[in-house]
Amino acid sequence: VPFDIVAHSSRSSIFVSPGASSSSSEFRRLFLFLFLVLASNTMEPDAKMALTDPRTLSMVSVEMGDQGSRDDVQQHSEERPSSTLDIAPNTDLEDTNNASSSSHYGEGQHLTRVPSSVNGVSVGGKVTLSGLTMNLIAGGLGTGMFSLPSSMSGSSVFLGVGMTFMVVSLNAVTIMILVRAAEEHQVFDLGALMGLAGNALGRKLNFARMGTYTQGFINFMVWFVLVGSLVSYLIAMHDSAAFFLQDTWFTSSKLPLVTAAAGIVLGLCFLEQKHLSWTSTIALVVNVYLIIVLVGYFFDKLAHNSLPEDVCLFGVAKGAVSMLAILAQCVIIQMCVLPMYEELEDRSPKKFSKGLWTAFLALSVIFSVFAGTGYASFGPGVKGNVLDSFPPGAISAVAQVGVILVVAAIYPLMVIPMVAPIKNMELSESMSHRRGMLVTGAILIIVFISWVGALVIPNLFLVNLIDGAICVGTFTALAPGLVGLYLSNRDSLLWRLGMAALLLFGFTNMILGLVFSDAYVVELKERCAF
């Protein structure tokens, strides 16, 4: 054997060290492939699958001889298999044993470290910095944005714009706390990262299973927030369809249109994902169109001197709490940012930070313009879903149809990660043939829950406010706060006080957001300074 292989099945990892060379690159690859297939029979399924992947062979052969292998790794490193391999050339057995275990990993935490490079070649993802920036911008353009004008009607224009930049900046800071910790510990899943933070906290509290509970809690909250998003999608579809069916039986109650919307998305949930690949581009186009339409309405009213006169430029009222929650619903992407970072080409926290701040600056401007022009155009009476304030006409009709199409197509994409654990869970032979039934049942339950939520929750503003308030406490405060306290290499008193202040800020605003669940437009009118 021209190389040494040490397989650690408990970590689903393989460490390869080059040995003597052989005469033919193809022969070496064929021999390596056959050897790994035989060796994989004693390993866990994830490791076995990764070992037999041709991309693994290209990376392993980088130290075995010719330049072709080195060229291959440049191509395949961007298409590497999922985080199941650690490849450590020139590593002895003692080092690999040390590398495969870490004091941060608690009992039951089967996590795998992913190297940042192999022999100086990055094994990051294939997403460019510009592509990442666009993805981050697109992540903020959702149904939460539709409630921004209404939230500004309770917080005033100047205070609302200032809060927008403050909330977006705070979320950028907390995201970077998570990203730096993920890079340091090579864990690119928020739940797993919280498991590590929980283990560290558990050691201080002498509670061995703290990591399991923190990881389970954060995963549940991700699921809960996703359900809230699905509810907002059905409400948005109802509101846009009602635009065309005013004063008909369909709008006599929410039941007919919400049920129709749930039936449409239920059918789409059983389509293959490839049939919905067009949604991201169309979603971006529709959101840009909505912004242009709203700005157009503002300047049209400005030109005709018909803007509402009771718009408050500055005032302080309880509506500011509601706007903070709505902004959080728009901009919080902590639950999906770590996989995005993992896929960044030649990733590093510094490089990711550039894309993040560029995207969030753009989102701050977009949110401010959207909220400001919507509030200024329709005044304090602007609806919780600004599309409900659009006047009749072809321009508004196109916007409503676009929202229905995009939201209906995005709904099943949000369901995919919610049912993924059932698709991938290990089942006994007697149950494996029923996996399809379990997945179908899970989809039916998810759609049913969102249907009930859309019927019970009266409007889009309230569902966005509730979801946003929970996001502030969980993803802006709890997750970055614990990670910053227990997984960061910064340990100064000022840093710990900052993390404590972040936790206090998040929990306080979560409670306030759930208690003060209205825009408080009348109160702002009484307290408006100018």
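**Exercise 1. Decide whether helix 9 of this predicted model is largely enclosed or largely open to the surroundings.**

Solution. Step 1: take the burial cut-off, under 20% relative accessible area. Step 2: apply this cut-off to helix 9, where 13 of the 16 residues are buried. Step 3: conclude that helix 9 is largely enclosed by the rest of the structure, because so many of its residues are buried.

**Exercise 2. Check the length of helix 9 against the expected span, and describe what lies at its two ends.**

Solution. Step 1: helix 9 covers residues 190-205, and at 1.5 Å a residue its 16 residues should span 22 Å. The expected span is 1.5 Å times one less than the number of residues. Step 2: the end C-alpha atoms are 22 Å apart, in agreement with that expectation. Step 3: at the N-terminal end, D189 acts as a cap, with a side-chain oxygen 3.2 Å from the backbone nitrogen of G191. Step 4: after the helix comes N206, which has a positive phi, near 60°.

**Exercise 3. Carry out the span and burial checks for helix 13.**

Solution. Step 1: helix 13 comprises 13 residues, 319-331. Step 2: from first C-alpha to last, helix 13 reaches 19 Å, close to the 18 Å expected at 1.5 Å a residue. Step 3: 13 of its 13 residues are buried, and helix 13 is thus mostly covered.

**Exercise 4. Characterise the surroundings of N464.**

Solution. Step 1: locate N464 in helix 19. Step 2: classify N464 as buried, because its relative accessibility is 0%. Step 3: identify a polar partner; a polar atom of the N464 side chain lies 3.3 Å from the backbone oxygen of T143. Step 4: list the contacts of N464, leaving aside neighbours within four places in sequence: T143, G144, S147, S232, A325, I326 and Q329.

**Exercise 5. Describe the second largest pocket by volume, lining and composition.**

Solution. Step 1: the volume of the second largest pocket is about 410 Å³. Step 2: 24 residues line this pocket, and the closest to its centre are D239, K383, G384, N385 and D388. Step 3: helix 10 (210-242) and helix 19 (460-486) are the elements that each give two or more residues to the lining. Step 4: sorted by type, the lining holds 12 nonpolar, 7 polar and 5 charged residues.

**Exercise 6. Summarise the chain as a whole.**

Solution. Step 1: count the elements, 21 helices and 4 strands. Step 2: of the 530 residues, 50% are buried. Step 3: among contacts with a separation of 6 or more, 83% join residues 24 or more positions apart.

Key: Residues numbered from 1 in each chain as written. Predicted model: local features only at pLDDT ≥ 70, side-chain atom pairs only at ≥ 80, totals over all residues. Heavy atoms only, no water. 1 Å grid on protein atoms, 1.4 Å probe; cavity = no way out; pocket = protein on both sides within 12 Å on 5 of 7 lines; lining within 4 Å. Points joined across faces, edges and corners; volume = space filled by probe spheres on them. Nonpolar A, V, L, I, M, F, W, Y, C, P; charged D, E, K, R; others polar. Buried < 20%, exposed > 50% of the residue type's maximum accessible area, 1.4 Å probe, protein only. Polar contact = N/O pair within 3.5 Å; in protein donor to acceptor, adjacent residues only side chain to side chain. Contact = heavy atoms within 4.5 Å.
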